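Thanks for making time for this. I will go through one structure, starting with how some of its parts sit against each other and then moving to single residues.

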Amino acid sequence: TGGKMFLKNYGISLDNIKQEVSDKGYISINPFGFKNLVNSARIEYLELKNEVSISSGKEHFDYKDIKTKPKRKLSISSKNSLGESYAQCLQTTFLDCRSSKYKSLNEIFQLMLSLRNTLMEVDINFGFNPLVEKFWNASRIHDYPRGGGFMTIHKDTYFDAALKNENMPFYQILVPLSKKGRDFYEGGGVLIDKNNRKINTDDECGMGSIVVFDGKIYHGVEDIDSGEIVDFNSSDGRVAMFANVYSVY
């Protein structure tokens, strides 16, 4: 099902999303029953962490490599993988949502991609044909460990080539897979809305929600339980799903 059908099923209008993101910079959607799917996806992700070994952030891979097995890698640097200059400490897991065995993760990713493409006013399958489009869907999970996982607050500068209208928001979609107060206690995802308010999305939105925000506003992740010891294999920490596109190099 496409993004429009999903929204219709849950009584959510595209117009409302666009208006809220235009006015405030973000919106949180809490579809009835979605939390059950998110709980299943979290279980799958924790299984995935046990099955896939972690690799260096410098190890190169592309969209073809994740068709057979997810890629789990460290992201600890002063720049992200796209060359944008902001510091971060997390691990990132990439998977192909049309070929992986993780059914709940796949379902959420495909929902996110359909919604993203619908909002961006591009073909519903944009990002699934990298050889032609020169972009691929970077369906991935960000995992910020307790003990200081973070991402410096920033604005996104790597915009989709499909974003021909510079006045259109750069729609980013995230789905939390962790619960503050259970999986971590301090810090979390933050954004500065268009009224200059700092919003902690893990406090205000939380697990079971879909957060749509404009990547052109400031956002990041404040230190996750900085008083603890980092363990990248732990089931604790702040976890969220993302689904934008990367260039085929």
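One term before anything else: when I say two residues meet or are in contact, I mean that they have heavy atoms within 4.5 Å. Please also keep in mind that this is a predicted model.

Now the overall picture. The protein has 249 residues, and 56% of them are buried. Its secondary structure comes to six helices and twelve strands. The exposed surface is about 11600 Å², with carbon and sulfur atoms supplying 48% of that area. If you take the contacts between residues at least 6 apart in sequence, 74% of them join residues at least 24 apart.

Let me start with a pair of helices. In general, two packed helices are described by the angle between their axes and the distance between the axes. Here the pair is α2, residues 14–24, and α4, residues 103–119. Their axes are 11 Å apart, and the helices pack at an angle of about 75°. Angles from 65 to 115 degrees count as roughly perpendicular, so α2 is roughly perpendicular to α4.

Which residues of α2 and α4 meet? From α2 there are L14, I17 and K18, and from α4 there are L115, T118 and L119. Sorted by class, this contact of α2 with α4 has four nonpolar residues, one polar and one charged.

After α4 comes a loop that leads to α5, residues 130–133, and E121 lies in that loop. The phi angle of E121 is near 60°, which is a positive value in a residue other than glycine. As background, most residues other than glycine have a negative phi. N196 is another such case, with a positive phi near 65°. N196 is found in the loop between β8, residues 188–192, and β9, residues 198–200.

Are E121 and N196 buried or exposed? The cut-off for exposed is over 50% relative accessible area. E121 has 57%, so E121 is exposed. N196 has 66%, so N196 is exposed as well.

Next, the loop between β3, residues 71–77, and β4, residues 88–94, which holds Y86. Buried means under 20% relative accessible area, and Y86, at 9%, therefore counts as buried. The side chain of Y86 makes a polar contact with the side chain of H154, at 3.4 Å. The C-alpha atoms of Y86 and K155 are separated by 9.7 Å, while the two residues are 69 apart along the chain.

Now to strand β12, residues 238–247, and the loop before it. G237 lies in the loop between β11, residues 219–224, and β12. With 0% relative accessibility, G237 counts as buried. Leaving aside neighbours within four places in sequence, G237 is in contact with Y144, R146, S178, D183 and F184. F184 is 53 residues from G237 along the chain, and their C-alpha atoms are separated by 5.3 Å.

R146 is one of those contacts of G237, and it deserves its own slide. R146 sits in the loop between β5, residues 135–144, and β6, residues 149–154. Which side chain does the side chain of R146 make a polar contact with? The partner is D225, at 2.5 Å. With neighbours within four places in sequence again set aside, the contacts of R146 include D183, F184, Y185, I224, E228 and D236.

Within β12 itself, I have two residues to show. N244 is found in this strand. At 6% relative accessibility, N244 counts as buried. The side chains of N244 and R140 are joined by a polar contact of 2.5 Å. Not counting residues up to four places away in sequence, N244 touches R116, W136, N137, A138, R140 and Q172.

The second residue in β12 is S247. Its relative accessible area is 18%, so S247 is buried. How far apart are S247 and F135, C-alpha to C-alpha? The distance is 4.5 Å in space, and the two residues are 112 apart in sequence.

To recap: α2 is roughly perpendicular to α4, E121 is exposed, N196 is exposed, and R146 has a polar contact between its side chain and that of D225. That is all I have; I can take questions now.

How values were computed:
Residues are numbered from 1 along each chain as its sequence is written. This is a predicted model: local features need pLDDT of at least 70, side-chain atom pairs count only at pLDDT 80 or more; totals for chains, interfaces and linings use all residues. Side-chain values use heavy atoms; hydrogens and water are left out. Helices (H or I, at least four residues) and strands (E, at least two) are DSSP runs, numbered from the N terminus. Buried means under 20% relative accessible area, exposed over 50%, partly exposed in between (1.4 Å probe, protein chains only). A polar contact is a pair of N or O atoms within 3.5 Å; within protein, one must be able to donate a hydrogen and the other to accept it, and residues adjacent in sequence count only if both atoms are side-chain atoms. Axes are lines fitted to C-alpha atoms, for helices over the stretch in contact, and angles run from 0 to 180 degrees between N-to-C directions. Angles under 35 degrees count as roughly parallel, over 145 as roughly antiparallel, 65 to 115 as roughly perpendicular and the rest as oblique. Ala, Val, Leu, Ile, Met, Phe, Trp, Tyr, Cys and Pro count as nonpolar, Asp, Glu, Lys and Arg as charged, and the others, Gly among them, as polar. Accessible areas come from the Shrake-Rupley method with a 1.4 Å probe; for residues, only the protein chains shown count as cover.
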